[in-house]
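Let's take a walk through a structure together. Keep the sequence and the 3D view open as you read.

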2 protein chains.
Amino acid sequence: MARAVSETHGEILAAAARRFAATGYRGTSLQDIAREVGCSKATVLYHFANKEALLAELMAPAIAVLQELDDRLAGLTGGAAQQVAAVGFVDLAVRFRREIALLRGEFPELLAQPAFAHIQQISERLRDAFAGHSDRPGARIAALVLLAGISEACAEFVDVPDDELRPALLALVRRAVEPVESPQPQPPTTEDKES
Amino acid sequence: MARAVSETHGEILAAAARRFAATGYRGTSLQDIAREVGCSKATVLYHFANKEALLAELMAPAIAVLQELDDRLAGLTGGAAQQVAAVGFVDLAVRFRREIALLRGEFPELLAQPAFAHIQQISERLRDAFAGHSDRPGARIAALVLLAGISEACAEFVDVPDDELRPALLALVRRAVEPVESPQPQPPTTEDKES
DNA sequence: TCAGACCCTGACCGATCGGTCAGATGAGGG
DNA sequence: CCCTCATCTGACCGATCGGTCAGGGTCTGA
């Protein structure tokens with residue numbers, strides 16, 4: 001009785017996570033998931049309205065934390081935004097790297113689905129914050145490289161312990177990000193062109 | 001007469017590049033490509049043995065350059081390998097960013113196909129070189145972040161001119177990479193000065 | 001005892017996929 | 001003239017996809 005939903009629900013979720021991580025969302029059929037659980041495809045669709053709902057439930061916790069980070073970022077600008085975005089995103093990526101892994105590059109198409117529409121905007125704001133809200137092309141490019149790279153690295157290093165991955169990523173970000181607050185002009189570099 | 005293969009071949013190739021870049025390899029059907037060209041699906045399969053062959057021909061130039069970079073990397077270690085890998089990969093990524101864009105995250109599954117088997121090994125060697133062949137976790141993590149991030153950034157910024165993208169990426173890499181102990185002074189290359 | 005909620009299933013659906021095949025078309029050369 | 005060959009096509013194939021549906025167990029509370 002205590003169990004409002006049968007444990008099959010959880011088993012399907014777990015199996016879907018494994019299969020999505022292994023072969024991607026598109027590359028995994030409901031049949032694959034059912035086979036791994038040991039039930040019929042119809043059972044999968046009894047517990048979940050459709051394939052997309054399965055993905056949505058899998059991603060819900062990560063999306064909630066991402067939303068929360070976005071809220072925290074709302075009032076910040078410049079170096080402060082950079083700081084919060086960096087630490088917040090590294091934290092999020094490390095913590096939810098399993099969820100990130102199971103999207104594995106299908107982000108663009110998946111984000112096009114209406115269910116994930118607002119994620120697109122959040123990730124753009126996050127990228128802006130990462131660049132310290134600078135519109136210098138160099139800063140915007142660096143922000144994208146780091147965001148995408150961190151995601152990919154977290155997906156790849158699923159078996160590296162948190163307390164090894166997180167400091168390595170934070171150190172990298174700290175090296176790689178050009179602080180935006182310093183008002184003095186940079187020493188001459190090759191890309192010093194103004195746009 | 002001079003045209004051994006009809007121009008349709010090239011048109012199909014161009015259309016496939018556009019569609020793959022827009023919706024990914026898996027997300028693009030032969031029907032889609034045929035529709036864009038204005039011919040039948042059978043015509044596409046008359047000019048190309050199968051869908052994979054279409055992708056292979058599209059990727060061939062990029063793969064050749066990647067192979068060449070791998071060869072150049074063969075005898076190098078430590079800081080020298082790091083240097084060559086960084087400059088070489090940024091160059092390659094910028095130059096072939098259209099090709100990178102049309103893989104768009106499907107790398108893992110695509111690389112599993114036998115036709116691209118050796119690319120897997122090349123990219124692992126490249127990652128090693130990027131880390132200066134260090135086995136420090138931090139170095140390996142940073143290498144992956146940068147490689148993946150650069151790829152993604154190039155795919156994203158297809159419309160940014162080369163001479164803006166390349167220096168921004170090089171500057172980022174130079175900031176982000178922790179120099180490994182340089183074994184011996186190497187002769188000055190084109191852009192060898194430390195940051 | 002029995003109605004009904006819950007859980008699960010096989011059979012089936014229409015759509016779409018990559019790929020095959022026999023044949024239509026048309027230009028060129030003997 | 002006809003034969004050859006490159007090009008192109010519609011019709012078709014088997015497989016697989018996500019999703020539907022009617023119905024069969026099983027448990028429970030009235």
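Which residues are the closest to DNA strand D? They are Lys41(A), Lys51(A), Thr8(B), Thr43(B) and His47(B), among 17 residues that surround the strand. Here a residue is near a molecule or strand if one of its heavy atoms lies within 4 Å of it.

Before going on, a word on what you are looking at. This is a predicted model, in which local features need pLDDT of at least 70 and side-chain atom pairs count only at pLDDT 80 or more, while totals for chains, interfaces and linings use all residues. Residues are numbered from 1 along each chain as its sequence is written, chains are lettered from A and ligands numbered from 1 in the order in which they are written, and side-chain values use heavy atoms, with hydrogens and water left out.

Back to DNA strand D. Of its atoms that come within 4 Å of the protein, 54% belong to sugar and phosphate. Several polar contacts (pairs of N or O atoms within 3.5 Å) involve its phosphate oxygens. The side chain of Thr43(B) puts a polar atom 2.3 Å from one phosphate oxygen, and an N or O atom in the side chain of Thr8(B) is 2.8 Å from a phosphate oxygen. Thr28(A) uses its backbone instead, with an N or O atom 3.5 Å from a phosphate oxygen of the strand. The elements that give two or more residues to this surface are α3 (41–47) of chain A and α3 (41–47) of chain B; helices here are DSSP runs of H or I with at least four residues, and strands are runs of E with at least two, numbered from the N terminus. The largest share, four residues, comes from α3(B). Sorted by class, the surface near DNA strand D has seven nonpolar, eight polar and two charged residues. In this sorting, Ala, Val, Leu, Ile, Met, Phe, Trp, Tyr, Cys and Pro are nonpolar, Asp, Glu, Lys and Arg are charged, and the others, Gly among them, are polar.

Now turn to DNA strand C. Of the 17 residues around it, Thr8(A), Thr43(A), His47(A), Lys41(B) and Lys51(B) come nearest. Sugar and phosphate make up 55% of the strand's atoms within 4 Å of the protein. A side-chain N or O atom of Thr8(A) is 2.6 Å from a phosphate oxygen of DNA strand C, and polar backbone atoms of Ser40(A) and Thr28(B) lie 3.0 Å and 3.5 Å from phosphate oxygens of this strand. For DNA strand C, the largest share of the surface, four residues, comes from α3(A).

How are the two protein chains related? Chain B superposes on chain A by a rotation of 180 degrees with 0.0 Å of shift along the axis, at an RMSD of 0.1 Å; the fit is by least squares on the C-alpha atoms of residues with pLDDT of at least 70 in both copies. The two copies are thus related as by a two-fold rotation axis. They meet through the same surface, because 94% of the interface residues of chain B are also interface residues in chain A (contact means heavy atoms within 4.5 Å).

Finally, a note from a record. An unreviewed UniProt entry places a "DNA-binding region" at residues 29–48 of chain A, and such annotations may be inferred rather than shown by experiment. Over that stretch the chain is 75% helix and 0% strand, with its end C-alpha atoms 14 Å apart.

Methods. Polar contact = N/O pair within 3.5 Å; in protein donor to acceptor, adjacent residues only side chain to side chain.
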